[in-house]
Amino acid sequence: MTTIHHADPSETMESMPAQISMPYTLTPGQATGIFLAELRNRRLIGSRHGDGTILVPAQDFCGSTGEPVTNFVEVAAAGELQAFTTTARGTIGMVLIDGTSTPFVHQILQADPAALEIGTRVEAVWAVEATGTFLDLAGFRPAGNPNTFEPRESPGDLAEPLQQVDYRMTLDYQHAYGQYYGTLFDGVKNSRRIRGVRCSECRKVLLPPRSHCDVCFAPTHEWIDVKPTGTIQACSVVHIEFIGQRLTPPYIYAEIVLDGSSTRLIHMVGGDAANADKHAVEPGNRVRAVWSERRTGSLADIEHFELLPADEDPS
Amino acid sequence: MTRVAIVGTGQTVHARRRTDVSQAGLAREAAVEALADAGLTMDDIDSVVVASGPAMFGAVNQPEKWLVDALGARYKPLVRVTSGGGTGLAGALAAINQIKAGAARRVLVVAYDKLSEGQLQASISTLYDPFWGREFAVGIMGFSAAYWHARIKRLGHTEEAAAMVAVKNRHHAMANPKAHVKKEVTVEEVLASRPLCWPIKILDVPPISDGACAVILAADQDAESITSTPAWIHGMAYYCEADNAADRSMLQSEPLQIAAANVYKAAGITNPFRQFDVAEVQEPYTCFELSYYEGLGLCPAGGAAELVASGATTMGGELPVNPSGGCMGANPIGATALIRLAEAAMQVTGKAGAHQVPNASRALVQAGGGWANLRGVAVVGAEKN
C-alpha cells in the first residue's frame with residue numbers, strides 16, 4: 001500500500017503555468033493558394049470539380065472522388081447565411097456563396113445579431129489593406145441587393161498561388177503538480193531537498209517520484225532523500241541555437257543518476273572545471289548540484305551540476 | 001493463418017520544402033503512386049490508416065480529417081496512428097491487424113510529414129515531461145548525442161565509425177531517385193563538419209524533409225490476384241519501454257532486442273547477418289545505425305564499428321544496409337519508417353531500380369521513435385511464408 005506524507009496543503013503548489021509558442025510557414029497548396037492570392041484583387045475564386053460541385057475557398061481535390069480540380073471559377077462575392085452564432089467576440093456564420101456547393105465559416109461584421117436570420121443575404125467585406133492571409137476577406141455583412149453575378153469560368157488572369165502563410169500557434173497550459181511532483185518541488189523550493197520514492201518490491205529509488213514502479217508495477221511506499229551528488233550517465237555538448245533555449249551555447253547537456261537513485265535526471269553541467277574543456281566531460285564523471293539563488297520549485301532551482309573533485313567526493 | 005503482403009508502394013518527390021502542395025496534397029501524391037503501382041483505385045480500398053508525427057510539427061491537429069477529401073476516402077474507415085519516429089511502421093502494423101482480424105481486405109497506409117512548416121527540434125522538446133527535463137531539452141538531439149557519447153566509451157562506436165555510416169548512406173542515396181540530398185562526403189569531411197550536439201556533427205544528421213509514403217496491404221488470394229509479385233510480411237512487431245524506469249542504461253535498446261527476437265522467431269531467422277539479403281533501418285543520426293546493428297543481432301555488442309568498417313553493409317557487401325540512402329537521403333519523419341518498409345518491399349520484388357540489391361529475396365526493416373523507447377522490426381520476403 002502506498003503511504004504518502006502529505007505536505008502542508010498551504011505550501012503545496014497546485015499547478016505550473018507553461019506556454020508553447022511557435023512560428024509556422026504553412027503551405028496552402030495550389031487551389032487555396034490561388035484563392036488567397038486573389039483576395040488581394042477582391043475576387044473570390046472557387047474550384048469546379050468533376051462531380052459538378054464548385055467549392056469556395058478553392059480546393060485542390062474533390063471531396064467526393066479525391067480527383068484533382070477541373071478548373072477555377074470566379075464566383076460572386078455574395079451569398080446566403082446558413083447558420084450563425086454570436087459570442088462576446090462577435091458573430092460567426094456559415095456562408096454559402098452563390099452558385100457553390102459547400103458553405104464556409106467566417107465573421108459576420110457590422111451586424112446586429114438580432115437582425116440576422118437563416119437565409120439573410122450577405123456580401124463580402126474586404127480588408128482595407130491586403131496582407132496575404134484569409135483575413136484579406138475581412139468577413140461578410142448583410143446585403144440588400146439580390147445577386148446577379150454568374151460564376152465566370154477559367155479566368156485567364158488568375159494570380160500565382162500564394163506559396164506560404166505565416167502563422168504562430170501559442171498555447172497556454174496549467175500543468176497540475178499532483179502530490180508527487182508537488183512534494184518533490186516543495187522540498188526543492190523550501191529546503192533544497194531532493195526526494196524520490198522507493199519501490200516496495202525492487203527497492204529502487206525513483207526520480208521523478210511516482211505512485212508505481214514502472215518495472216515491477218508495485219506501489220512505491222516511502223519517500224527517500226537523494227543526495228545532490230551523482231554520476232553522469234550520458235552527456236553531449238550543445239552547439240545549436242533554437243527557440244526556447246535557456247542557455248547560450250555551447251553548454252553541456254547531461255543525464256545524471258543521483259546517488260541513492262536509479263533513474264536519470266536531465267540537466268546541464270557547468271562551472272569552471274567543466275567549461276575549461278567541455279569535450280573532456282564524460283559519462284562516468286562525478287558531479288554535484290549547484291543551487292541557484294532562485295526558488296521557483298523546479299529543476300531550474302539547480303543552476304547546473306559541476307564536476308566533483310575526487311577529494312570532495314563523499315562516495 | 002492469414003498471410004499479409006505489400007501489393008503496392010508509392011513515395012512523393014521528397015524535398016526540403018514543397019511549396020506546390022499542402023499537407024493533404026503531399027499525402028495524396030504518395031497514395032496515387034501506390035494505387036497505380038497496385039493497379040487499384042480508391043474504390044478497391046476498404047480502410048485507410050493515416051500515419052504522421054506529432055501534430056505540433058505542422059500545426060494542424062487531427063490532420064487525417066483534412067486528408068479525407070484529398071485521398072477520396074469519404075465514407076471509408078479512416079484512423080490516424082502516431083508513434084514518434086516509428087509512426088510509419090506502427091501504421092502498417094495497424095493495417096495488418098485490421099486485415100488479420102477480418103475487418104478489411106485491402107488497406108491503404110499513408111504516412112507523411114511536412115517538416116518545413118514548423119520548428120522541428122522545439123516541437124520534439126515538447127515530448128519531454130514539462131516538470132522533468134523539458135527546460136533542458138534539445139529536441140531529440142541532445143539526448144541522442146549524450147548516449148552516443150556513452151556508447152563511444154563503452155562500445156567503441158567511434159566518431160569515425162559513425163562517419164562511415166554517413167559516407168555509405170549518402171553514397172547510396174545518389175542512386176535513389178526519391179532522395180533529395182545527393183552529395184557524397186568523405187569520413188574526413190564528416191569529422192570536420194560543424195558540431196550541433198557534439199559528438200553529433202551536421203554531416204551525421206539527416207535532412208529535414210517534406211515527404212509522404214503509401215503502402216497497400218492485402219492478404220493471401222487478394223494479394224495474389226492484385227500482383228504477381230507480392231512482398232510478404234514474414235513478421236512485424238513494435239515494442240515500447242518505460243521512459244524513466246530504473247537502470248535504463250540505453251547502451252542497447254531493449255525494445256529493439258525484444259521486437260527483433262519476436263519477429264525473427266516468426267520469420268524463422270536464426271542468423272540474421274547471413275539470412276537477410278538487405279536491410280533498411282531508420283537512422284535519425286548516424287550513431288543510431290551502429291546501435292541498430294547490435295540490437296538487430298547483425299553483430300555482437302561492441303562489434304558495430306568493425307562491421308561498418310568491413311564494408312559488409314555497403315552496396316556490394318554481404319548485407320547492404322540502407323541501399324536507399326536511409327534517412328540521409330530524405331527524412332520526412334512521419335513517413336520515414338514506412339519508407340523503410342516500402343523500400344524493403346521494392347527490394348524483394350525487384351523494383352528498386354538503380355539501388356536494387358541483386359537477387360534480394362528477404363529484407364530486414366527497423367523503425368524507431370521516442371527516447372529510444374519505441375522500436376519496431378519487420379521482415380519482408382518474396383517467398384510466401
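The following exercises, with worked solutions, concern chain B of a predicted model and its contact with chain A.

**Exercise 1. Overall dimensions**

Determine how the radius of gyration of chain B agrees with the globule rule.

*Solution.* Begin with the content of the chain: chain B holds 13 helices and 11 strands. Next, take the radius of gyration, which is 19 Å, and set it beside the 21 Å that the globule rule gives for 385 residues. The two values are close, so chain B is as compact as a globular protein of that length. Along the principal axes, the C-alpha atoms fill a box of roughly 55 × 45 × 40 Å. Then consider burial: 66% of the 385 residues are buried. Finally, consider the contacts with a separation of 6 or more, of which 79% are between residues 24 or more positions apart.

**Exercise 2. The sheet**

State the strand order of the nine-stranded open sheet in chain B, and place E1(B) within this order.

*Solution.* The order is E3-E2-E4-E7-E1-E8-E11-E10-E9, and the pairing is mixed. At the edges stand E3 (78-81) and E9 (278-281) of chain B, each of which pairs on one side only. From one strand to the next, the twist averages 25 degrees.

In this order E1(B) stands between E7 and E8. On one side, E1(B) (residues 4-11) pairs with E7(B) (residues 210-219) in the antiparallel sense over seven bridges, and Gly10(B) has Ala214(B) as its bridge partner. On the other side, two bridges join E1(B) to E8(B) (residues 231-240), again antiparallel, with Ala5(B) partnered by Trp232(B). As for burial, eight of the eight residues of E1(B) are buried.

A parallel case completes the mixed pairing: E2(B) (residues 47-52) and E3(B) are joined by four bridges in the parallel sense. Within this pair, Val49(B) lies opposite Val79(B). Helix H1(B) (residues 23-38) packs on the sheet, where it touches E1, E4 (106-114) and E7 of chain B. The direction of H1(B) makes about 130 degrees with that of E1(B).

**Exercise 3. Helix H3 of chain B**

Check the length of H3(B) (residues 87-100) against the expected rise per residue, and decide whether this helix is largely enclosed or largely open.

*Solution.* At 1.5 Å a residue, the 14 residues should span 20 Å. The end C-alpha atoms are 20 Å apart, which agrees with the expectation. For the second part, a residue counts as buried if 20 or more other C-beta atoms lie within 10 Å of its own. By this criterion 11 of the 14 residues are buried, so H3(B) is largely enclosed by the rest of the structure. Among the buried residues are Leu89(B), Leu93(B), Ile96(B) and Ile99(B). Just after the helix, Gly102(B) takes a positive phi of about 85 degrees.

**Exercise 4. A helix pair**

Classify the crossing of H6(B) (residues 159-173) and H11(B) (residues 286-295).

*Solution.* The axes come within 8 Å and cross at roughly 100 degrees. Angles of 65 to 115 degrees count as roughly perpendicular; the two helices are therefore roughly perpendicular to each other. At the crossing, Ala161(B), Ala162(B), Val165(B) and Ala166(B) of H6(B) meet Thr286(B), Cys287(B), Glu289(B) and Leu290(B) of H11(B).

**Exercise 5. The contact between chains**

Identify the element of chain A that gives the most residues to the side touching chain B.

*Solution.* In total, 58 residues of chain A are in contact with 49 residues of chain B. The elements of chain A that give two or more residues include E1 (15-26), H1 (30-39) and E11 (165-176). E1(A) gives the most, with eight residues.

Technical notes
Residues are numbered from 1 along each chain as its sequence is written. Chains are lettered from A and ligands numbered from 1 in the order in which they are written. This is a predicted model: local features need pLDDT of at least 70, side-chain atom pairs count only at pLDDT 80 or more; totals for chains, interfaces and linings use all residues. The expected span of a helix is 1.5 Å times one less than its number of residues. A residue is buried if 20 or more other C-beta atoms lie within 10 Å of its own, exposed if 12 or fewer, and partly exposed in between; C-beta atoms are placed from the backbone. Two strands pair if DSSP finds at least two bridges between them. Axes are lines fitted to C-alpha atoms, for helices over the stretch in contact, and angles run from 0 to 180 degrees between N-to-C directions. Two residues are in contact if their C-beta atoms, placed from the backbone, lie within 7 Å. The radius of gyration is taken over C-alpha atoms; the globule rule is 2.2 Å times the number of residues to the power 0.38. Angles under 35 degrees count as roughly parallel, over 145 as roughly antiparallel, 65 to 115 as roughly perpendicular and the rest as oblique.
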